[in-house]
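Visitor: I have a protein chain in front of me and would like to learn how to read it. Could you take my questions one at a time?

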Amino acid sequence: MVSTYNANGDNGDAGSTEGEINEWKHRAPYKVHDKAENFKVRYEGSCHCGKVRYQLSREKPLDAKYCHCTTCQKIHGAPFQWAAIFHKDDINFTHGHHDLGWYESSEKTCVHKLPCKVSCAYCRTPIMDEGRNMILLFPTLIDFKTPEDRKNFDISCHMFYPRRILDIPDGKPKWTGINNDSDLIEDSPQEAVNELKRKRQEEGEKKDDNKS
C-alpha cells in the first residue's frame, strides 16, 4: 500500500498504518489503549479545534516546570512554556492520533524524529514534546474539573530563567538552564541553594577520591 506520509508534518491516516513510517501509531504514547487494559481515566485534554483528544491516567505529573528558553517562547508564542512530565503509557489518544504533525527543532525538520514537538496538524495547537523516554504535556490543554486537580500540576521550578520575558517572584527555584544541571539564581529559596551547594561539594569530593 502506498505511504500517506507527508513531508510537511501532516501525517494523516488517509491510507495504511502499515510499514516503518506508520509504526509510531502502534507504540506509546500514540498506541490506543483498549478497554481490556483497564486504563483509568483521571483527566481529559484536547487541542483548540478538538480534532485531537486524549486521556491521562496519572493523578500527578512526575514533575511540572516553567521553561523560559527562547525556543519555547517562539513556538508557543508566549512568555514561557508550562510543561508537565508523564510516562508515555500515561496517555491515551481517543481522537486524532492520526491528525498530528511533528517538528524537530534542532534540525528544523518535520519528520518524526526524537526528541520532537507534536502538534495538531489542523489547528496547530502544541500537544506535547515527545522525548526518548518521557513526554512533556501542556496543562493548558487539560479540562480541570476542580481547583485540586489544577493544583496537582503546580510547578517545582523555573528553567532558563535569565531569558525570561517577565519576572515571576513566586519563591520557586530558578535555574539558569536545565534544572539540576545549571545554577540557581535570583529568588530561589535559600534551602534549595544550600542543598545544591552540598550536593556539588559531595560530587567534587567523590571525584577527588577517585583520582587518588
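**Strands, turns and core**

Guide: A good place to begin is a pair of neighbouring strands in this predicted model: strand β7, which covers residues 116-120, pairs with β8 in the antiparallel sense over four bridges.

Visitor: Which residue in β8 stands opposite C116?

Guide: C116 belongs to β7, the strand of residues 116-120, and its counterpart has to be sought in β8, which spans residues 126-130. The residue in β8 that stands opposite C116 is E130.

Visitor: Which residue in the turn between β7 and β8 has a positive phi?

Guide: Most residues other than glycine have a negative phi. β7 and β8 form a hairpin with five residues between them, and the residue in that turn with a positive phi, of about 70 degrees, is R124.

Visitor: What does β8 pair with besides β7, and which residue there stands opposite D129?

Guide: β8 also pairs with strand β9, residues 134-137, in the antiparallel sense over three bridges. A hairpin of three residues joins β8 to β9. Across this pairing, the residue in β9 that stands opposite D129 is L136.

Visitor: Why is β8 largely enclosed by the rest of the structure?

Guide: A residue counts as buried when its relative accessible area is under 20%. Strand β8 is largely enclosed by the rest of the structure because, of its five residues, the number that are buried is four.

Visitor: In what order do the strands of the open sheet with β1 lie?

Guide: The sheet has three strands, paired in the antiparallel sense, and its edge strands are β1 (43-46) and β5 (91-95), each of which pairs on one side only. The twist from one strand to the next averages 25 degrees. Strand β2, residues 53-56, is joined to β5 by four bridges, and the order of the open sheet is β1-β2-β5.

Visitor: Which residue in β5 is the bridge partner of R53?

Guide: R53 lies in β2, which covers residues 53-56 and runs antiparallel to β5. In β5, the bridge partner of R53 is H95.

Visitor: How many disulfides does the structure hold, and why do C69 and C72 not form one?

Guide: C69 and C72 are both buried, with relative accessible areas of 11% for C69 and 5% for C72. A disulfide requires two cysteine sulfur atoms within 2.5 Å, whereas the sulfur of C69 is 3.5 Å from the closest cysteine sulfur, in C72, and is therefore too far for a bond. The number of disulfides in the structure is zero.

Visitor: Which residues does a cis peptide bond join in the segment before β1, and which in the loop between β6 and β7?

Guide: Most peptide bonds are trans. P29 is placed in the segment before β1, where the cis bond has an omega of about 10 degrees and joins A28 and P29. P115 is found in the loop between β6 (100-103) and β7, where the cis bond, with an omega of about -5 degrees, joins L114 and P115.

Visitor: What is the phi of F160, and what is the phi of N180?

Guide: F160 is in the loop between β10 (157-159) and α3 (190-211), and N180 is also in the loop between β10 and α3. F160 counts as buried, at 17% relative accessibility. Neither is a glycine, yet both values are positive: for F160 the phi is about 55 degrees, and for N180 the phi is about 75 degrees.

Visitor: Which strand supplies the largest share of the largest nonpolar core?

Guide: In soluble globular proteins, nonpolar side chains tend to be buried together. Here the largest nonpolar core has 31 residues, and those with the most contacts inside it are Y30, Y54, L56, F93, I127 and M128. Several strands, including β2, β3 (63-67) and β4 (81-87), each supply at least two residues of this core, while the largest share, four residues, comes from β4.

Visitor: How much of the chain is buried?

Guide: The chain comes to three helices and 10 strands, and it exposes about 12300 Å², of which carbon and sulfur atoms supply 49%. Of its 212 residues, the buried ones make up 40%.

Terms used
Residues numbered from 1 in each chain as written. Predicted model: local features only at pLDDT ≥ 70, side-chain atom pairs only at ≥ 80, totals over all residues. Heavy atoms only, no water. Buried < 20%, exposed > 50% of the residue type's maximum accessible area, 1.4 Å probe, protein only. Areas by Shrake-Rupley, 256 points an atom, 1.4 Å probe, with all protein chains shown as cover. Pairing = 2+ DSSP bridges. Axes fitted to C-alpha atoms, helices over the stretch in contact; angles between N-to-C directions. Core = buried A, V, L, I, M, F, W, Y, C linked by side-chain atoms within 4.5 Å.
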